[in-house]
Amino acid sequence: MISRRDFLTAVSGATVAALLPRFTWASGPTIEVPGKAGMIVRSARFLDLEMPPEFFDSWLTPVPHFFVRNHMHEPSTLDADSCRLSVGGEAENPFTVNLSEFE
């Protein structure tokens, strides 16, 4: 006669095995990011990449495998004439430049 404990252990193990392939969030979406090959993608909506565990064998993180976190969408288009950077506040010489000045 099978005990209740053995029955529940067998049923729970079979349930986990049946549902495991449905947890696609664990592997993350598949996207290619230039210079970040092999990174774990946690989110593609706001780019969130983590270092793969095989690089945890050292206390140094290789630069190509350093984490990436974006908390907002990246701009799809960028107008070099309208994009401006202003430096002010306690700066001795406040200034404003636009992106087209760096081309």
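This tour proceeds through a protein structure one selection at a time. The model is predicted.

**The whole chain**

Begin with the entire protein displayed as a cartoon. Its secondary structure consists of 1 helix and 5 strands, and along the sequence these elements follow the pattern α-β-β-β-β-β. Next, switch to a surface display. The accessible surface comes to about 9000 Å², and 61% of this area belongs to carbon and sulfur atoms. Of the 103 residues, 15% count as buried. As for contacts in the protein with a separation of 6 or more, 21% are between residues 24 or more positions apart.

**Helix 1 and a surface patch**

Select residues 4-19, which form helix 1; leucine 8 has its place here. Then add Ile2, Phe7 and Val11 to the selection of Leu8: these four residues make a nonpolar surface patch of about 390 Å².

**The sheet**

Now select strand 1 (40-43) and strand 3 (68-69), together with strand 2, residues 48-50. In what order do these strands stand in the sheet? The order is 1-2-3, in an open sheet with antiparallel pairing. Strand 1 and strand 3 stand at the edges with a single partner strand each, so one side of each is left without a neighbour in the sheet.

Look more closely at strand 2 and strand 3. They run antiparallel and are joined by 2 bridges. Select leucine 49 and valine 68 to see one position of this pairing: leucine 49 stands opposite valine 68, which belongs to strand 3.

**Salt bridges across the strands**

Display the side chains of Arg42, Asp48, Glu50 and Arg69, which are linked in a network of salt bridges. The search of the whole structure finds 3 salt bridges.

Start with arginine 42 and glutamate 50, whose side chains meet in a salt bridge with an N to O distance of 3.2 Å. Are these two residues buried or partly exposed? Arginine 42 is partly exposed, because its relative accessible area is 39% and the range for this class lies between 20% and 50%. Glutamate 50 also counts as partly exposed, at 26% relative accessibility.

Move next to aspartate 48 and arginine 69, where the salt bridge has an N to O distance of 2.7 Å. Aspartate 48 lies in strand 2 and arginine 69 in strand 3, so this pair ties together parts that are 21 residues apart in sequence. Arginine 69 is partly exposed, with 36% relative accessibility.

Keep arginine 69 selected and turn to glutamate 50. These two residues form a salt bridge as well, with their closest N and O atoms 4.0 Å apart. Since arginine 69 lies in strand 3 and glutamate 50 in strand 2, the pair ties together parts that are 19 residues apart in sequence.

**Histidine 65 in its loop**

For the last stop, select histidine 65, found in the loop between strand 2 and strand 3. Is this residue buried or exposed? Histidine 65 is buried, because its relative accessible area is 12%, and buried means under 20%.

Which residues does histidine 65 touch, leaving aside those up to four places away in sequence? They are Ala37, Met39, Met51, Pro52 and Phe55. Display the backbone of alanine 37 as well: its oxygen lies 3.4 Å from a polar atom of the histidine 65 side chain.

Technical notes: Residues are numbered from 1 along each chain as its sequence is written. This is a predicted model: local features need pLDDT of at least 70, side-chain atom pairs count only at pLDDT 80 or more; totals for chains, interfaces and linings use all residues. Side-chain values use heavy atoms; hydrogens and water are left out. Helices (H or I, at least four residues) and strands (E, at least two) are DSSP runs, numbered from the N terminus. Buried means under 20% relative accessible area, exposed over 50%, partly exposed in between (1.4 Å probe, protein chains only). Contact means heavy atoms within 4.5 Å. Accessible areas come from the Shrake-Rupley method with a 1.4 Å probe; for residues, only the protein chains shown count as cover. Two strands pair if DSSP finds at least two bridges between them. A polar contact is a pair of N or O atoms within 3.5 Å; within protein, one must be able to donate a hydrogen and the other to accept it, and residues adjacent in sequence count only if both atoms are side-chain atoms. Patches are made of residues with over 30% relative accessible area and no salt bridge: like charges are joined within 9 Å, nonpolar side chains (Val, Leu, Ile, Met, Phe, Trp, Tyr) within 5 Å.
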